[in-house]
Amino acid sequence: LRWTTQLGSDPMSPEQQTDVLEERERAQEEYLLTQAVFSREDEFAQTRTRCSAARVYRLANEHTTLCPTFDPYMSSEWGKRKLALTRFIRAVRKVIVTQRVAKRFQRLITHHVND
C-alpha cells in the first residue's frame with residue numbers, strides 16, 4: 001500500500017522506493033529462515049561434502065582465518081521432524097496427566113461417597 005499515492009499527496013521518491021524494496025527483501029529472507037521454506041531442486045543440486053582423515057594440529061591460542069558457513073535450508077526437514085516429535089510428546093504428556101488426574105478424582109469421589 002505504500003506504493004499507492006493518496007489523493008493530494010506527493011508520489012514516492014526513487015530513494016523511498018529502493019528502501020521499500022530492500023525492506024521487503026530482508027523480510028522475505030527472514031521469513032524463509034524462520035519458516036524453514038526451501039526448494040527441493042536447490043537441496044538436491046548441492047555438491048557432496050568431502051571428508052578428510054588428516055588431523056589438524058594447531059596451538060591452543062592459535063586461530064584460523066577460516067570462517068564456517070552454514071546453509072540454513074540444508075536440514076529444514078530435520079527441524080520439521082523435531083518440531084512434530086516435540087508436539088507429539090507434549091500431546092502424549094497431556095493425555096497421561098489428564099488420565100492420572102481423572103483416576104485420582106474418581107478415587108476421591110468413591111472414597112468420599114463411602115465415608
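**Briefing: a three-helix predicted model**

Confidence is lowest in helix H2 (residues 40–44), with a mean of 68, and highest in H3, with a mean of 91. This is a predicted model. Across the protein, pLDDT averages 80. Of the residues, 77% score at least 70. The fold holds three helices and zero strands.

**Architecture**
- Along the sequence, the pattern reads α-α-α.
- Helix H1 covers residues 14–35.
- Helix H2 covers residues 40–44, and its mean confidence is 68.
- Helix H3 covers residues 76–114, and its mean confidence is 91.

**Burial and surface**
- The protein has 115 residues, and 4% of them are buried.
- The exposed area is about 11,900 Å².
- Carbon and sulfur atoms supply 57% of that exposed area.

**Nonpolar patch**
- Leu85, Phe88, Ile89, Val92 and Ile96 make a nonpolar surface patch.
- This patch measures about 440 Å².
- Val92, one of its members, lies in helix H3.
- Val92 has a relative accessible area of 35%, so it counts as partly exposed; the class runs between the 20% limit for buried and the 50% limit for exposed.

**Positive patch**
- Arg100, Lys103, Arg104 and Arg107 form a positive patch on the surface.
- Arg100, one of these four residues, sits in helix H3.
- Arg100 counts as exposed because its relative accessibility is 52%, and exposed means over 50%.

**Negative patch**
- Glu15, Asp19, Glu22, Glu25 and Glu29 gather in a surface patch of negative charge.
- Glu29, one of these residues, is placed in helix H1.

**Reading the patches together**
- Helix H3 carries Val92 of the nonpolar patch and Arg100 of the positive patch.
- Helix H1 carries Glu29 of the negative patch.
- For confidence, H3 has the highest mean, at 91.

Methods:
Residues numbered from 1 in each chain as written. Predicted model: local features only at pLDDT ≥ 70, side-chain atom pairs only at ≥ 80, totals over all residues. Heavy atoms only, no water. Patch = residues over 30% accessible without salt bridge, like charges linked within 9 Å, V, L, I, M, F, W, Y side chains within 5 Å. Areas by Shrake-Rupley, 256 points an atom, 1.4 Å probe, with all protein chains shown as cover. Salt bridge = Lys/Arg side-chain N within 4 Å of Asp/Glu carboxyl O. Lys, Arg positive; Asp, Glu negative; His and termini not counted. Charge placed at Lys NZ, Arg CZ, Asp CG, Glu CD. Helix = DSSP H or I, 4+ residues; strand = E, 2+ residues; numbered from the N terminus. Buried < 20%, exposed > 50% of the residue type's maximum accessible area, 1.4 Å probe, protein only. pLDDT = per-residue confidence, 0-100.
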